[in-house]
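The report below follows one strand and its neighbours, and then turns to a patch on the surface. Please read it with the sequence and the structure side by side.

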Amino acid sequence: MPERPTEQRPLVTVEAVGRKCPVPIIMLAARLHEVPIGAVIAVTADDPAASADIPSWCRMKMHEFVAERPLARGSAFHIRRMY
């Protein structure tokens, strides 16, 4: 099995800045199918709850939480689709 690069650019970004949780997660779940298995999708959000909720959702759904990257407003959360 080929190794994945440690830093992979998201193929899709879900813009959820200004939305309160759980809306960013609902938007992520609705658009996850847009990236192939093994690829990274990003969600931008500025709700402080997203920092805990998005990694928790990834664990629950068995997708890989890759990183939280700070933005001028909020953060970009990178998630690797696992199935």
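In this predicted model, strands β3 and β4 form a hairpin with four residues between them, and Gly74, which lies in the turn, has a positive phi of about 80 degrees. The two strands of the hairpin run antiparallel and are joined by six bridges, and within this pairing Phe65 stands opposite Ile79 of β4.

Strand β4 also pairs with β2, again in the antiparallel sense and over six bridges; here Ala76 of β4 is the bridge partner of Thr44. The two pairings of β4 are set out in the table.

| Partner of β4 | Residues of the partner | Sense | Bridges |
|---|---|---|---|
| β2 | 40-45 | antiparallel | six |
| β3 | 64-70 | antiparallel | six |

How many of the six residues of β4 are buried? Strand β4, which covers residues 75-80, is mostly covered, with six of its six residues buried. In a regular strand, side chains alternate between the two faces of the sheet. In β4, Ser75, Phe77 and Ile79 point one way while Ala76, His78 and Arg80 point the other way, and all of them are buried.

A further feature is found at the surface, where Ile37, Met62, Met82 and Tyr83 make a nonpolar patch of about 450 Å². One of these residues, Ile37, is located in the loop between α1 (23-31) and β2. Is Ile37 buried or exposed? Ile37 counts as exposed because its relative accessible area is 56%, and the cut-off for exposed is over 50%.

Note on methods: Residues numbered from 1 in each chain as written. Predicted model: local features only at pLDDT ≥ 70, side-chain atom pairs only at ≥ 80, totals over all residues. Heavy atoms only, no water. Buried < 20%, exposed > 50% of the residue type's maximum accessible area, 1.4 Å probe, protein only. Pairing = 2+ DSSP bridges. Patch = residues over 30% accessible without salt bridge, like charges linked within 9 Å, V, L, I, M, F, W, Y side chains within 5 Å. Areas by Shrake-Rupley, 256 points an atom, 1.4 Å probe, with all protein chains shown as cover. Salt bridge = Lys/Arg side-chain N within 4 Å of Asp/Glu carboxyl O.
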